[in-house]
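Here is a friendly walk through one model, with a few stops at cysteines, charged pairs and strands. Have the structure open and follow along.

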Amino acid sequence: MAATSPLCEQDLFCPQCSEIYNLPVLLKCGHNICRVCLQKFWEWKGCRECPVCGTVSVPGRPPINLALKLAAEEYQVLKTTKNKDVCVLHNEKLRIFCQNDEEPICLVCKTSKYHKVHECCPVEEAAQQKKGEISAKLEPLKKKLRVLNKTKQEWEQTKTYIQTQANQDEKAIKEEFEKLRQFLQEEENRRLNLLKQEKETKTRVMCDKLKHIEDQINKLSFIIGDIEKSLRENDLTFLHEYKQTKKRIKCNIQEPECIRDILINSAKHLGLLKFGVWKNMAKIINCAPITLDPNTAQSNLRFSEELTCVQYNSKKLLPDNLERCTSRVCVLGAIGFTSGKHSWTVEVGQGKNWYIGAAQESIKRKSTIFLNPSEGFWVISLSNGDSYWAQTSPRIKLVLKQKPQKITVELDYDKGKVVFINTADSTTIYTFKDKFTERIFPYFSPGLYDDEKKSSPLKICPQTVRVDVE
């Protein structure tokens with residue numbers, strides 16, 4: 001810079017904004033100011049004074065200092081393109097780091113008025129310090145990147161599973177509708193067969209009746225023909241045959257009977273047809289008070305019977321969504337409750353290990369938990385096929401007169417009660433009393449098994465379905 005311009009570094013900075021000149025203008029007093037800086041100063045001051053010495057400038061637009069403008073632009077280019085190890089102003093090695101401006105400077109810069117009062121240190125020391133700062137700030141970024149990559153991978157798996165889940169649900173829906181179509185087809189065939197049987201029976205009756213009446217017609221026609229022939233004979237012949245003719249005319253031909261209920265009973269076949277089919281359909285439809293939510297299920301659980309039966313099975317690859325319970329082999333009901341009375345009956349069967357009851361929505365689903373009310377669980381269990389427990393803290397052993405096959409869970413949200421009842425004899429097994437403050441879900445765990453073939457399912461018993469007319 002010194003070789004191409006007599007200006008020094010200090011001459012290239014605007015005294016108003018302290019930045020490298022941008023379109024410097026030359027005032028009457030000899031001071032240079034950025035044109036924009038000068039305009040702002042004059043607007044603020046309300047007069048045309050020099051920002052440096054206060055001299056009032058003459059009217060008109062101050063001229064641009066072309067030499068200074070070119071020197072400032074050249075300096076700006078050199079500053080960005082020159083060897084980064086050498087000061088662009090003094091052609092000296094950059095050995096010092098200015099902490100205030102956060103840039104390396106040379107020893108000459110350190111003595112200039114721009115850096116004289118700044119805090120400085122050797123480049124090596126500053127580099128070590130700043131690298132430590134950046135490294136410390138870089139680690140959270142790396143951690144965040146790892147989280148983002150992991151989340152992306154999980155979301156890709158979730159996207160794939162959504163398609164898999166949709167395919168499975170589509171298959172299940174088609175299977176259920178195929179069952180309904182099969183039922184309707186069988187119901188149609190049954191009703192058509194009844195119609196066919198009635199038609200064949202009544203047609204056979206009419207055929208017999210027609211044959212009988214045809215025989216009577218033939219018999220009577222023959223008698224009438226003989227009598228008419230006798231009437232055409234001469235008097236003596238007629239009188240000789242009179243006794244015989246008299247007997248024949250007295251033939252016992254009964255009047256045709258009135259046949260009742262011989263037509264097809266259309267009212268029976270067509271009357272309330274859809275209602276009758278619907279009523280019969282109720283016999284094959286199960287309606288459980290609650291269903292299970294597979295999106296909350298641990299990956300070793302398998303479901304059947306329209307999500308009313310759960311059983312321990314081989315592990316499946318499932319997305320770790322927020323709702324899923326991964327710390328225990330369990331599943332929640334699909335619907336939670338915030339008021340009122342609710343009940344459901346669970347068929348525990350021959351299971352040797354199970355847990356049933358209720359759980360609040362905010363339970364810890366990803367970490368190990370204790371199944372007690374303080375953790376948001378109101379549960380009873382069976383261990384090793386013979387020990388029943390109320391999962392309190394500490395847990396309480398339950399003494400039962402007989403091993404229950406079905407247990408009814410009664411939830412009274414408003415009174416804060418969860419009651420377990422042996423469905424067979426309606427005896428109370430255990431009652432939890434608490435205060436509920438959030439949504440409560442049914443809780444099921446069929447237990448953990450070494451061999452999935454030995455596992456026993458938990459099944460939600462269906463309610464009785466009735467089709468009534470008011």
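Cys 287 is partly exposed, because its relative accessibility of 36% falls in between the limits of 20% for buried and 50% for exposed. Keep in mind as you look that this is a predicted model. What keeps the sulfur of Cys 287 from forming a bond? The closest cysteine sulfur, in Cys 461, is 13 Å away, which is too far for a bond. To count as a disulfide, two cysteine sulfur atoms would have to lie within 2.5 Å, so the pair does not qualify.

The wider search gives a matching picture: zero disulfides are found in the whole structure. Cys 258, too, is in no disulfide, and its nearest cysteine sulfur belongs to Cys 207, 20 Å away. Is Cys 258 buried or exposed? With a relative accessible area of 70%, Cys 258 is exposed, because that value is over 50%.

Now for the charged side chains. How many salt bridges does a search of the whole structure find? The search finds 15, and the table shows some of them.

| Pair | N to O distance |
|---|---|
| Glu 170 and Lys 174 | 3.1 Å |
| Glu 178 and Arg 181 | 3.4 Å |
| Lys 209 and Glu 257 | 2.3 Å |

Take Glu 170 and Lys 174 to begin with. These residues sit four apart in helix H4, so about one helical turn separates them. Glu 170 is partly exposed, with a relative accessibility of 40%.

Glu 178 and Arg 181 are also in helix H4; they are three residues apart, so about one helical turn lies between them. Both partners count as partly exposed: Glu 178 has a relative accessibility of 42%, and Arg 181 has a relative accessible area of 46%.

Where do the partners of the salt bridge between Lys 209 and Glu 257 lie? Lys 209 is in helix H4, while Glu 257 is in the loop between helix H6 (242-249) and helix H7 (266-270). The pair thus links distant parts of the chain, 48 residues apart. Lys 209 is partly exposed, at 30% relative accessible area. Elsewhere, Glu 187, Arg 190 and Arg 191 are joined into one network by salt bridges that share partners.

Helix H4 spans residues 123-231 and also holds Ile 134. Together with Leu 138 and Leu 141, Ile 134 forms a nonpolar patch on the surface, and the three have about 280 Å² of accessible area together. Ile 134 itself counts as exposed because its relative accessibility, 55%, is over 50%.

On to the strands. Strand S9 (residues 341-347) pairs with strand S14 (residues 406-412) in the antiparallel sense, over seven bridges. Which residue in S14 is the bridge partner of Thr 345? That partner is Thr 408. S9 is also joined to strand S18 (residues 458-460), by two bridges, and these strands run antiparallel as well. Here Val 346 stands opposite Ile 460 in S18.

Finally, step back to the whole chain. The domain assignment gives domain 1 (9-81), domain 2 (127-282) and domain 3 (294-461). Taken over C-alpha atoms, the centres of domain 1 and domain 3 are separated by 81 Å.

How values were computed. Residues are numbered from 1 along each chain as its sequence is written. This is a predicted model: local features need pLDDT of at least 70, side-chain atom pairs count only at pLDDT 80 or more; totals for chains, interfaces and linings use all residues. Side-chain values use heavy atoms; hydrogens and water are left out. Two strands pair if DSSP finds at least two bridges between them. Patches are made of residues with over 30% relative accessible area and no salt bridge: like charges are joined within 9 Å, nonpolar side chains (Val, Leu, Ile, Met, Phe, Trp, Tyr) within 5 Å. Accessible areas come from the Shrake-Rupley method with a 1.4 Å probe; for residues, only the protein chains shown count as cover. A salt bridge is a side-chain nitrogen of Lys or Arg within 4 Å of a carboxyl oxygen of Asp or Glu. Buried means under 20% relative accessible area, exposed over 50%, partly exposed in between (1.4 Å probe, protein chains only). Domain bounds come from an automatic or database domain assignment.
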